[in-house]
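Student: Hi! Could you walk me through this structure? I'd like to begin with the charges.
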Amino acid sequence: MNFELKNMAAFGVAGNFTGHLEQAGEAVDFKNVLVLEENAPKAIFPTYIPEKSEVCPEFLNVFPFDSEKIIYPEGQTKLQIEPECAVVFDVCWNGNKIEKLSPVVFGASNDCSIRREGAKKISLKKNWGKSSKGFSASAIKLDSFDKESIINDYRIASFIVRNGKAYAYGEDSAIRDYSYIYEKLINWMIDKLNNQKNEGPAEDINSYLIGAGKPDRILVSIGATRYTEFGESNFLKKGDRSVVILYPESVYSENDIVNIVTSRSYDKADISVLDQVVEEN
């Protein structure tokens with residue numbers, strides 16, 4: 001199922017799996033962010049805005065998505081996979097505010113991140129140019145976004161394939177186990193997209209969207225899983241393959257997924273795979 005990602009604004013959700021921010025060394029960035037619940041996500045952040053405007057930083061207008069490769073950022077040494085589920089939503093506007101988000105498809109996402117100390121905004125760690133992120137070309141259609149939906153059966157697995165061996169990078173995690181998911185997540189996102197302030201690591205998203213002509217479709221990576229011990233302590237290297245895979249747990253075991261990844265047997269309609277080779281600039 002093909003979508004013109006270049007026409008969509010793209011975002012990520014920070015802190016939607018308990019423990020990920022602490023592992024990534026980013027929890028301190030959000031120490032002054034007020035949340036309604038202890039396990040609530042901390043912020044929504046932009047990774048790509050399709051139209052230039054005076055209010056949006058210019059680097060966010062560079063299209064960062066590539067389903068086949070990641071180009072290593074020049075001068076940086078700490079680059080990590082952020083294994084996620086991403087959802088494409090149709091957007092219904094009421095004036096300058098988003099009124100409704102309707103799910104279209106979901107797929108494997110790598111919201112790849114530089115562990116860049118001192119970055120004042122989350123987006124500065126996310127979009128460093130072309131081929132800095134990824135969304136699977138094998139997205140899966142969504143008729144609804146709730147516990148009765150097909151997505152409720154899906155899990156997120158991720159690997160670095162290095163010298164022919166697959167190393168689990170993120171903890172194999174059920175999509176239904178995100179801190180905020182389904183209607184609760186949609187309501188939270190609508191509030192943040194409309195009302196989030198330019199404070200701390202967060203940005204005024206509404207002004208970016210209005211400046212971009214109020215796009216009618218957006219892509220949201222809804223949160224990175226916790227890392228395995230290997231993932232927490234190993235950064236991407238040239239020649240690695242970064243693999244994120246979403247799969248139905250009623251059909252495949254974790255061992256099945258390891259075999260699929262190592263053999264690159266991706267010709268299955270019920271999985272969404274993002275397999276990117278790491279290249280130097």
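Tutor: Happy to. This is a predicted model, and the protein chain has 33 positive and 42 negative charges.

Student: How many Å apart are the mean positions of the two kinds of charge?

Tutor: The mean positions of the positive and negative charges are 4 Å apart.

Student: And the surface, how much area does the protein chain expose?

Tutor: About 12,500 Å² is exposed, with carbon and sulfur atoms supplying 45% of that.

Student: Changing topic: how many helices and strands are there?

Tutor: The protein chain has five helices and 14 strands. Its radius of gyration is 17 Å, close to the 19 Å that the globule rule gives for 281 residues, so the chain is as compact as a globular protein of that length.

Student: What share of the residues count as buried?

Tutor: Of the 281 residues, 56% do.

Student: Which residues touch the most other members in the largest nonpolar core?

Tutor: Those are Phe11, Cys85, Leu101 and Phe145, in a core of 58 residues. Helix H2, residues 183-195, gives this core its largest share, six residues.

Student: What does Phe11 touch, leaving out residues up to four places away in sequence?

Tutor: Its partners include Ile44, Phe45 and Pro46, and also Leu193, Ile205 and Val220.

Student: Which residues belong to the other core?

Tutor: That one lies apart from the largest core and has 13 residues, among them Phe159, Val161, Ala166 and Tyr252.

Student: Last one: what part of the contacts with a separation of 6 or more joins residues 24 or more positions apart?

Tutor: Such residues account for 78% of those contacts in the protein chain.

Conventions:
Residues numbered from 1 in each chain as written. Predicted model: local features only at pLDDT ≥ 70, side-chain atom pairs only at ≥ 80, totals over all residues. Heavy atoms only, no water. Helix = DSSP H or I, 4+ residues; strand = E, 2+ residues; numbered from the N terminus. Rg over C-alpha atoms; globule rule 2.2 N^0.38 Å. Buried < 20%, exposed > 50% of the residue type's maximum accessible area, 1.4 Å probe, protein only. Contact = heavy atoms within 4.5 Å. Areas by Shrake-Rupley, 256 points an atom, 1.4 Å probe, with all protein chains shown as cover. Lys, Arg positive; Asp, Glu negative; His and termini not counted. Charge placed at Lys NZ, Arg CZ, Asp CG, Glu CD. Core = buried A, V, L, I, M, F, W, Y, C linked by side-chain atoms within 4.5 Å.
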